[in-house]
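Open the structure in your viewer and keep the sequence panel visible. The stops below say what to select and what is there.

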Amino acid sequence: MLVYDPFADIGSDDVEQVTELNGLLNQVHVVSLHARETAETRSILGAAQIARLRRGAVVVNCARGSLMDTTLSAKHYGQGFTAI
């Protein structure tokens, strides 16, 4: 499992913590968002990040809707990813 969290030290043998979100996005099949809305997290998944997702990726937003730019992501639905 790959994890991006700039505020936490995961410290687990089963988890690899990465330091850049963009580097993580093209490696994973599932992205699960769990963050509160702040200035830093608002639209954390915008057009540039969505374009990095691999074909067939699934995005699960368990947080606030504002973490994902849904107007931009709607344009990318036909490009091989699913947002829940």
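Select Ser-66 and show its surroundings. Setting aside residues within four places in sequence, Ser-66 is in contact with Glu-37, Thr-41, Arg-42 and Ser-43. The model you are looking at is a predicted one. Draw a distance from the C-alpha of Ser-66 to the C-alpha of Arg-42: the two residues are 24 apart in sequence, and the distance is 5.5 Å. Ser-66 belongs to the loop between strand 4 and helix 3. Is Ser-66 buried or exposed, or partly exposed? Its relative accessible area is 24%, and since buried means under 20% and exposed over 50%, Ser-66 counts as partly exposed.

Now select Ser-43, one of the contacts of Ser-66. Ser-43 sits in the loop between strand 3 and helix 2, which covers residues 47-52. Look at the backbone here: phi of Ser-43 is near 55 degrees, a positive value in a residue that is not glycine. Ser-43 is partly exposed, at 34% relative accessibility.

Go back to the loop between strand 4 and helix 3, and select Met-68 there. Helix 3 itself spans residues 70-76. Met-68 has a relative accessible area of 6% and is therefore buried. Add Gly-46 to the selection: along the chain it is 22 residues from Met-68, yet the two C-alpha atoms are separated by 6.3 Å.

Zoom out and colour by secondary structure. How many helices and strands does the protein have? There are 3 helices and 5 strands. Follow the chain from the N terminus and the elements come in the order β-β-α-β-α-β-α-β. Of the contacts with a separation of 6 or more, 55% are between residues 24 or more positions apart.

Switch on the surface. The protein exposes about 5500 Å², and carbon and sulfur atoms supply 49% of that area. Of the 84 residues, 30% are buried.

Hide the surface again and turn to the interior. In soluble globular proteins, nonpolar side chains tend to be buried together. The largest nonpolar core here has 14 residues. Select Leu-24, Leu-25, Val-31, Leu-45, Leu-53 and Val-59, which have the most contacts inside this core. Helix 1 (21-25), strand 3 (30-33) and strand 4 (57-61) each supply at least two residues of the core. Which element gives the largest share? Helix 1 does, with 3 residues.

Two members of the core are worth a separate look. Take Val-31: leaving out its neighbours within four places in sequence, Val-31 touches Leu-25, Leu-45, Leu-53, Val-58, Val-59 and Val-60. Then take Leu-24, which lies in helix 1. With 8% relative accessibility, Leu-24 counts as buried. Beyond its neighbours within four places in sequence, the contacts of Leu-24 are Leu-2, Val-3, Tyr-4 and Val-18. Gln-49 is 25 residues from Leu-24 in sequence, and their C-alpha atoms are 9.8 Å apart.

Continue along the chain to Gln-27, in the loop between helix 1 and strand 3. Gln-27 has a relative accessible area of 44% and is partly exposed. Not counting residues up to four places away, Gln-27 touches Leu-2 and Arg-54. For another distance, use Leu-53: it lies 26 residues from Gln-27 along the chain, with 7.9 Å between the C-alpha atoms.

The last stop is the largest pocket. Rolling a probe the size of a water molecule over the atoms shows where empty space is left. The largest pocket holds about 710 Å³ of space. To find it, select Tyr-4, Asp-5, Ser-32, Leu-33 and His-34, which are the closest to its centre among the 24 lining residues. Strand 1 (2-4), helix 1 and strand 3 are the elements that give two or more residues to the lining. Which of the elements gives the most to the lining? Strand 3 does, with 4 residues. Colour the lining by class to finish: 16 residues are nonpolar, 5 are polar and 3 are charged.

Note on methods
Residues numbered from 1 in each chain as written. Predicted model: local features only at pLDDT ≥ 70, side-chain atom pairs only at ≥ 80, totals over all residues. Heavy atoms only, no water. Buried < 20%, exposed > 50% of the residue type's maximum accessible area, 1.4 Å probe, protein only. Contact = heavy atoms within 4.5 Å. Areas by Shrake-Rupley, 256 points an atom, 1.4 Å probe, with all protein chains shown as cover. Core = buried A, V, L, I, M, F, W, Y, C linked by side-chain atoms within 4.5 Å. 1 Å grid on protein atoms, 1.4 Å probe; cavity = no way out; pocket = protein on both sides within 12 Å on 5 of 7 lines; lining within 4 Å. Points joined across faces, edges and corners; volume = space filled by probe spheres on them. Nonpolar A, V, L, I, M, F, W, Y, C, P; charged D, E, K, R; others polar.
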